[in-house]
Each structure stands twice: as C-alpha cells, then as structure tokens.
Amino acid sequence: MTKSITIEDLRNHKKRKTKFACLTAYDASLSRLMSEAGVELILVGDSLGMVVQGHDSTIPVSMEDLLYHLRCVKRGNVNSHVMADMPFMSYASEEQTLENAAALMRAGANCVKLEGTSWISKSTELLTERGIPVCAHMGLTPQSINRIGGYIVQGRNPDKAEELIKEAKLLEESGASMLLLECVPSELAKNISESLEIPVIGIGAGVEVDGQIMVIYDLLGITQMEKSPKFVKNYLQEASSIEQAIKN
Ligand code: KIV
C-alpha cells in the first residue's frame with residue numbers, strides 16, 4: 001500500500017526547502033490522476049461553487065456540497081494529503097466550527113481550511129487542541145468578497161502588510177498547521193514564509209513560498225473568468241495529456 005502524505009511530510013518539505021504542489025479537486029477521476037502524478041496536497045475547495053456550480057462567488061456553497069465533493073475526491077485519492085474547505089458561515093460560532101470540522105474529518109479530510117485573520121485564531125486553537133489540523137487562508141479571502149469589494153491584491157500598503165505579518169504569526173501561535181496566502185505581493189509572501197515555521201502555500205503570491213496551489217480548471221484552461229489573473233496558466237496548452245499537464 002502506498003504511504004499517505006502527512007502534515008509532517010509537508011513540514012519536511014519546508015525544512016529541506018523542497019517545494020510541494022497543491023491542486024483543487026472536486027471529483028474522483030481528477031483526484032486519482034493528481035494523486036498518481038505526485039501532487040502532495042489536494043484541496044476540496046469551495047471554489048467548486050464557481051467552477052462546478054457556476055455561481056459568481058463561493059458564498060452559496062453549503063456543508064452538504066462540500067461533503068459530497070470531499071467524498072468523491074476521497075474515493076479517487078491514492079495517497080495525497082486531503083484538505084477540505086470550511087464553507088461560508090460554517091465556522092461562525094464555536095459550536096458550528098467544531099461540528100462542521102468534525103463532519104469533514106469523518107468524511108475523510110486530513111485537515112480543514114478556514115478563511116480569516118485574527119478572528120479565526122480562537123477556532124484554530126479549538127480545532128487544533130481537538131486533533132483537527134487547520135490551514136489558515138489569508139490575504140484575498142473570497143468568502144469576504146462583498147466586504148473587500150473585488151478580487152484585488154491585498155497587503156500592498158506597508159501598514160496592511162505589517163498587519164498581515166502579525167496576524168500570520170498569531171495564527172501560527174494559535175496552532176495553525178499551514179497558511180495559505182492568496183493575492184498578496186511576492187515580497188510580503190516571502191517575508192511571511194520565512195518568518196514562520198509552518199508551510200506557507202501561495203496563489204498569486206509569487207514563487208518564494210513553500211508550496212503553490214492552483215485551481216485545476218484554471219490549469220486545464222477551462223476558466224469562467226473574462227480576464228484571467230496573471231498567475232493563471234493553462235498547462236494543457238504545452239502538454240500532450242491531462243496527466244502530463246498535472247505533472248508539469
Ligand atoms: O477554494 C479554493 O479553491 C481555494 C483556492 C483558490 C486557494 O481556496
């Protein structure tokens with residue numbers, strides 16, 4: 001039997017300065033291809049609301065949707081580490097946080113991802129203490145798109161950048177096992193990544209982080225966006241098969 005990739009394996013990547021790959025998956029067939037191609041971390045992301053369900057944000061995604069896609073991904077997964085997103089408002093109270101994270105773990109997740117900054121530190125602590133590893137998603141947090149006002153780079157001004165550095169440290173101290181930075185300047189991502197012991201994954205955050213994540217539909221050139229962000233690359237264009245595109 002192939003040994004499953006653990007959080008310790010991802011930490012070792014950081015220690016050895018070897019990068020790891022993360023892709024989103026929502027079904028069994030693609031998760032099998034990814035896992036067999038050596039993708040270390042698979043995210044069952046609430047981006048499914050946009051790329052699978054056709055909504056214009058991740059907000060309509062429910063726990064039921066997430067659990068359904070997580071179970072599909074688990075059936076195809078061979079040995080990748082599987083992370084599940086906690087949908088919008090599924091961690092609004094302590095009780096909801098524990099109940100919903102437990103449901104995701106029971107459905108086969110190896111860790112859960114929450115969007116937020118200092119306000120998720122208590123939930124991070126609660127979950128970690130109870131054996132549920134947490135990835136804290138910071139920077140551009142799509143579940144807060146209505147407050148942010150658009151899919152725009154975060155942490156550009158020095159005060160905001162300083163705040164993000166402090167909040168990242170707080171989340172590490174609260175027990176977060178990983179951090180995901182979305183759409184922040186590469187210098188800031190490098191700084192955060194170097195100042196934390198936990199692995200830092202980036203999307204639109206430059207190359208100087210410990211791992212990169214991409215939405216599988218973007219990698220395959222199936223995108224809903226009128227204008228793709230700069231970091232989106234169609235890997236299928238230069239590959240002879242989906243397997244090869246994923247490996248690349
Ligand atoms: O839901 C998702 O796919 C994500 C990635 C964009 C990081 O959170």
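Is Ser90 buried or exposed? Ser90 is buried, at a relative accessible area of 5%. That figure falls under the 20% cut-off for a buried residue. The model is predicted. Three topics follow: the surroundings of Ser90, the ligand site and helix α2.

**Ser90**

- Ser90 sits in a loop, between β3 (81-85) and α5 (94-106).
- The Ser90 side chain makes a polar contact with the backbone oxygen of Pro87, at 2.6 Å.
- Beyond its neighbours within four places in sequence, Ser90 touches Met63, Gln96, Thr97 and Asn100.

**Ligand site**

- Ten names make up the shell: Thr24, Leu43, Gly45, Asp46, Ser47, Asp85, Lys113, His137, Leu180 and Ile203 surround the ligand.
- By class, that shell holds three nonpolar, four polar and three charged residues.
- Ser47 supplies a polar contact: an N or O atom in its side chain is 2.5 Å from an oxygen atom of the ligand.
- For Lys113, the distance from a side-chain N or O atom to a ligand oxygen is 2.8 Å.
- For Asp85, a polar side-chain atom lies 3.1 Å from an oxygen atom of the ligand.
- On its own, the ligand has 260 Å² of accessible area, and the protein covers 94% of it.

**Helix α2: the buried face**

- Helix α2 spans residues 28-37, and its buried residues include Leu30, Ser31, Met34 and Ser35.
- Viewed down the axis of α2, the buried residues fall within an arc of 130°, so they line one face of the helix.
- What do the buried residues of α2 pack against? Their partners are the strands β1 (20-24) and β2 (41-44), together with the helices α4 (63-76), α10 (216-219) and α11 (242-247).

**Helix α2: the other face and the ends**

- Ser29 and Glu36 are exposed, on the face of α2 turned away from its buried side.
- At the start of α2, a side-chain oxygen of Asp27 comes to within 3.0 Å of the backbone nitrogen of Ser29.
- Ser29 therefore appears in two roles here: it is an exposed residue of α2, and its backbone nitrogen is the partner of Asp27.
- Just after α2, Gly38 adopts a positive phi of about 95°.

Conventions
Residues numbered from 1 in each chain as written. Predicted model: local features only at pLDDT ≥ 70, side-chain atom pairs only at ≥ 80, totals over all residues. Heavy atoms only, no water. Near = heavy atom within 4 Å. Polar contact = N/O pair within 3.5 Å; in protein donor to acceptor, adjacent residues only side chain to side chain. Areas by Shrake-Rupley, 256 points an atom, 1.4 Å probe, with all protein chains shown as cover. Nonpolar A, V, L, I, M, F, W, Y, C, P; charged D, E, K, R; others polar. Helix = DSSP H or I, 4+ residues; strand = E, 2+ residues; numbered from the N terminus. Buried < 20%, exposed > 50% of the residue type's maximum accessible area, 1.4 Å probe, protein only. Contact = heavy atoms within 4.5 Å. Arc of directions from axis to C-beta.
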